[in-house]
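Trainee: Could you take me through one part of this structure slowly, and show me how it fits with its surroundings?

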Amino acid sequence: KNNMKKLSLFALLFVLISCQKEVPKDYVVLQGKITNPTKGEVLRLFDPIASKNIIIKVAEDGTYNDTIKVEKPTYYNAVYGNVFGLYLENDMDLTINFDKQSIGKTITFTGKGENENKFLAFKTKLIGGLYGKDYQEFFNVDKTTFDAKIQKFDADYKTELDAKKSV
């Protein structure tokens with residue numbers, strides 16, 4: 001009878017532990033590899049709202065790995081030669097790989113936080129496609145062309161957003 005009590009207690013304890021929710025981390029794990037790195041260059045994350053920088057050291061082989069505590073979910077301008085958008089919030093575990101010579105074409109996001117950052121990259125690319133190489137030229141087109149470009153942008157944006165909602 002005593003063994004039955006111990007076994008029941010052990011089973012109950014096992015069920016309680018296995019049902020326990022994982023506590024979110026109060027930090028971000030950020031790692032990755034940069035192809036064609038520049039010796040001595042750091043990956044800089046700039047928060048334009050708070051005017052704060054986070055500096056991440058990059059090894060000579062282009063690898064980096066850092067733990068960052070963010071006060072709140074934040075959009076950063078990540079700078080390594082060129083600039084790309086980055087969204088971070090605590091409890092993310094994100095791997096970012098890219099080639100320094102063509103960041104926009106080669107950047108990949110994997111891990112917890114990839115969906116948010118893939119959408120941010122899509123949005124940036126879509127806006128760049130809307131304006132083209134010369135934003136002033138975009139604003140000086142005739143009304144029909146302007147309206148058509150805005151409608152296409154809006155439709156593409158909504159299609160992508162709807163696809164992300166269903167994930």
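Mentor: Happy to! Let's look at helix α3, starting with its buried residues: Asn-117, Phe-119, Leu-120, Leu-126 and Leu-130. Keep in mind as we go that this is a predicted model. What covers those buried residues of α3? The cover includes the strands β5 (74–80), β6 (82–88), β7 and β8, along with the helices α4 (135–139) and α5 (143–165).

Now for the helix itself. α3 has 18 residues, and from its first C-alpha to its last it reaches 26 Å, close to the 26 Å expected at 1.5 Å a residue. After α3 comes Gly-132, which has a positive phi, near 75°.

Two of the covering strands, β7 and β8, lead us to a sheet. Its four strands run in the order β4-β1-β7-β8, making an open sheet with mixed pairing. At the edges are β4 (63–68) and β8 (108–112), each of which pairs on one side only. From one strand to the next, the twist averages 15°.

A word of background helps here: strands of a sheet pair through backbone hydrogen bonds, and they can do this either parallel or antiparallel. In this sheet, strand β1 (residues 28–35) pairs with strand β7 (residues 93–99) in the parallel sense, over five bridges. You can find one spot along this pair by looking for Val-29, which stands opposite Asp-93 in β7.

That brings us back to our helix. α3 (residues 114–131) packs on the sheet, where it touches β7 and β8. The direction of α3 makes about 155° with that of β8.

Note on methods:
Residues are numbered from 1 along each chain as its sequence is written. This is a predicted model: local features need pLDDT of at least 70, side-chain atom pairs count only at pLDDT 80 or more; totals for chains, interfaces and linings use all residues. Side-chain values use heavy atoms; hydrogens and water are left out. Two strands pair if DSSP finds at least two bridges between them. Axes are lines fitted to C-alpha atoms, for helices over the stretch in contact, and angles run from 0 to 180 degrees between N-to-C directions. Contact means heavy atoms within 4.5 Å. The expected span of a helix is 1.5 Å times one less than its number of residues. Buried means under 20% relative accessible area, exposed over 50%, partly exposed in between (1.4 Å probe, protein chains only).
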